[in-house]
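The following exercises concern the interior of one chain and the contacts between parts of a structure. Each task is followed by a solution in steps.

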Amino acid sequence: MRHESVKNYCLGIESTADDFSVGIVTFDGRILANVINAYVSESGGIHPREAAQHHSQVAEEVVAQALKEAKISSDQIDLVAFSQGPGLGPCLRTGATVARAIAAYLKIPLVGVNHCVAHIEIGKLTTGIRDPVTLYVSGGNTIVAAFDAGRYRVFGETLDIAVGNCFDVFAREAGYRQKEGLPFGAIIERLATKGQTYISLPYSVKGMDMSFSGLLTAILHLLRKGEHPIEDLCYSLQETVFSMLTEVTERALAHTEKPGILLTGGVAANKRLQSMLKTVAEEHNTKFCVVPKQYALDNGAMIAWTGILAYKNGLTLPIEQSFVRLKWRLDEVEVPWVKT
Amino acid sequence: MGEDLNYTMEDAVLLKKGAEANLYLKEWYGRKVIVKQRIGKKYRLPQLDRHIRAYRTVHEPQLMHRAKKAGVSTPTVLLIDTENAEIYMEYIEGKQLKQVLNEMPPEKRLKISSSIGELIGRLHKNMVIHGDLTTSNLILTPEDQIVLVDFGLGELSQELEARGVDLHLLKRAFESVHFKFAQECFNKVMESYARIIGEEEAKKVLEKVREIEKRGRYVSERKQR
């Protein structure tokens, strides 16, 4: 028998890019399941249609696995949340379709979640940090944001490609192949620790924004010339990119005077980036937190948790209005649950 | 470099401590100068850090020079020291516009707003983006001349976005510190801006300002120091 009054479980579906993931989170913020199934391309980057096909093939299995891990049955779910954007159209639509089907079948409410907001919220939930300047770095996004007047405001962002994208293209061009459980970023990080000589690369901070495409072109050029060991290239790439990220984060911190820095997104696992930000946090006498690895990558748990926050503030989405939003900016989203 | 060259910072007075640079006031060969010293960052590799600071120490005076050529008053640069990442420049007598805009007679306020618009128009027409246009960075001299300072976040660009952000920052500064007449001041700014840069372009920039506002990107006023 279901308790109609007490809401307990939210199932969240993440499918913005190459990962299809389902998370189950309780309304009081306990993460019961977080199953991630990644699409690994044979060659090149993410092909949106192929990724979407992957998602639709594994969806049923991933949902079942999440329910099993959470030790609940499907009819115990009270709420369904899905990543509504930003992301790749075909991938987003696949996730949205699964979410709509579950909501309609179980007759439970549906919530659309902004992917970038979710990365911030899961960082806050899992680290306990309050009101930080967030550096969110992943394959598709590079954003420095902080809360102000009802929204997460973007203080700086990439003007062209994301940091993760830059790293992925470089690693692929260098001949590395992506394997499950070993992202390109991890390969670059490992090589970089053996690097010894810094090679000068374009350092492009414009006001509060950053640009990485020129840097990528430059390092690909150096790679093809073949005059430098790959370790030195990785080392120089990391040092340059992370210095840019840290500089903009420090500016945002000085500007907002927030009490801490939160690092989130797929690139958050990088130890060198962590150490740079930690140095800045110490100099400013503020906290520094990194989201745990399993919640740094795109994941369903972050969607479920953000869905709960939105639901508690009455932000549900009728199925007929649940279209996906490919270019949904972080700073377009009202976040009434954040108070400060 | 010995003390006989009057090169020491010992007698300098710290005016402002920033995230990127510190500003000092000191006596130098019988004149008052401002020394902008870019601070080393521990998180960066020392060689990258030196390179960035040296580059910016050269880049900023270049922008100031370009602004001057466009007819915008900026402090005269006296010395560029890339080794120590220091810029020696003329000390401008006067007050930050932020401190005096509220108290002045309305006609004067509008006249100054008009000059500001003209000044930004000249900058933008010559590809200079200031990057931190607030009323703290506009100095009003005793002769009622306006001098634009701190090109530390500046760049060369003709992009609508960059122009929009410049004007948006100024509008925000008006609204947060001078809210009573923010709108009339900004209208006056846009009016003379359009005269310099052309009606068509000014209209596009204003549209961009509105778009940026809606995005709410730079909603918080820069902390006024």
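A residue is buried if 20 or more other C-beta atoms lie within 10 Å of its own. The model examined here is predicted.

**Exercise 1.** Determine how many residues of strand 5 of chain A are buried, and explain why the strand is described as largely enclosed.

*Solution.* Step 1: Strand 5 of chain A spans residues 110-114, and 5 of the 5 residues are buried, so the strand is largely enclosed by the rest of the structure.
Step 2: In a regular strand, side chains alternate between the two faces of the sheet.
Step 3: On one side of strand 5 of chain A stand A:Leu110, A:Gly112 and A:Asn114, and on the other A:Val111 and A:Val113; both faces are covered.

**Exercise 2.** Describe how strand 5 of chain A is joined to strand 4 of chain A.

*Solution.* Step 1: Strand 4 of chain A (residues 77-85) runs parallel to strand 5 of chain A, and 5 bridges join them.
Step 2: A:Val80 is the residue opposite A:Leu110 of strand 5.
Step 3: Together with helix 2 (residues 89-106) of chain A, the two strands make a right-handed β-α-β unit.

**Exercise 3.** Characterise the side of chain B that touches chain A.

*Solution.* Step 1: Contacts link 19 residues of chain B with 25 residues of chain A.
Step 2: Helix 1 (residues 46-69) of chain B supplies the largest share of chain B's side, 4 residues.
Step 3: By class, that side of chain B holds 7 nonpolar, 5 polar and 7 charged residues.

Notes: Residues numbered from 1 in each chain as written. Chains lettered and ligands numbered in written order. Predicted model: local features only at pLDDT ≥ 70, side-chain atom pairs only at ≥ 80, totals over all residues. Contact = placed C-beta atoms within 7 Å. Nonpolar A, V, L, I, M, F, W, Y, C, P; charged D, E, K, R; others polar. Buried ≥ 20, exposed ≤ 12 C-beta atoms within 10 Å, placed from the backbone. Pairing = 2+ DSSP bridges. Right-handed = clockwise from strand over helix to strand, strands pointing away.
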